[in-house]
Amino acid sequence: MATDPRSPAVAVGLQGSRCRSGCAVTAYPAEDTCPRCGGPAEPAVLTGTGTLWTWTVQRYAPKSPPYQAPPGGFEPFALGYVELAEGVRVAAVLEADIREGLDGIRIGMPVTVTAGHGVPRARPMTPGEEDS
Ligand SMILES: [Zn+2]
């Protein structure tokens, strides 16, 4: 499993689950039962759009395995929690070149999240995407 934070994102929907018992709670990663009511849950592809809830910079290499350093060696990367439209929060690597500074990252900014390989990846939305 590749977890290189700089590998390109693959446009794959996040596979979560949704409660079938009426409370309609969404979970990620997918679970067989609802985390709120304990009822049955069914697979659901999440919208992948949300806002950055919080974030930090990973400044040292994560534990390996499962982390695999890229061929050029570890470099710090931004990591955050995205609150999706469904209300669930997902940890994701932020696709931001932090060597150019951290000014482009702000809590509450709209992002899109894709499953990709390994951990999900979040990309800031362009102004055009925010309008749609
Ligand atoms: Zn439920």
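Two residues are in contact if their C-beta atoms, placed from the backbone, lie within 7 Å. The model treated here is predicted: local features need pLDDT of at least 70 and side-chain atom pairs count only at pLDDT 80 or more, while totals for chains, interfaces and linings use all residues. Residues are numbered from 1 along each chain as its sequence is written.

**Exercise 1. Establish the confidence and the layout of the chain.**

Begin with pLDDT, the predictor's confidence in each residue, from 0 to 100: the chain averages 87, and 88% of the residues score at least 70. Next, list the elements, which are DSSP runs numbered from the N terminus (helices, H or I, of at least four residues; strands, E, of at least two). The chain holds 1 helix and 8 strands, in the sequence pattern β-β-β-β-β-β-β-β-α. Among these elements, strand E4 (residues 49-58) has the highest mean pLDDT, 97, and helix H1 (residues 127-131) the lowest, 75.

**Exercise 2. Describe the open sheet and locate Ala-27 with respect to it.**

Strands count as paired if DSSP finds at least two bridges between them. The open sheet of 3 strands runs in the order E2-E1-E3, with antiparallel pairing. Strand E2 (26-27) and strand E3 (41-45) each have a single partner strand, so one side of each is left without a neighbour in the sheet. Strand E1 (residues 15-19) pairs with E2 over 2 bridges, and Arg-18 stands opposite Thr-26 in E2.

Ala-27 also belongs to strand E2. Ala-27 is buried, because 20 other C-beta atoms lie within 10 Å (20 or more make a residue buried, 12 or fewer exposed, and numbers in between partly exposed, with C-beta atoms placed from the backbone). Beyond neighbours within four places in sequence, the contacts of Ala-27 are Gly-16, Ser-17, Pro-35, Ala-41 and Val-88.

**Exercise 3. Trace the largest nonpolar core and the surroundings of Val-113.**

A nonpolar core is a set of buried Ala, Val, Leu, Ile, Met, Phe, Trp, Tyr and Cys residues joined through C-beta atoms within 7 Å. The largest has 22 residues, of which Val-82, Val-90, Ala-92, Leu-94 and Val-113 touch the most other members. Two or more residues come from each of E4, strand E5 (77-84), strand E6 (89-94) and strand E7 (110-114), and E6 gives the most, with 4 residues.

Finally, leaving out residues up to four places away in sequence, Val-113 touches Leu-14, Gly-48, Gly-50, Val-82, Leu-84, Val-90, Ala-92, Pro-120, Arg-121 and Ala-122.
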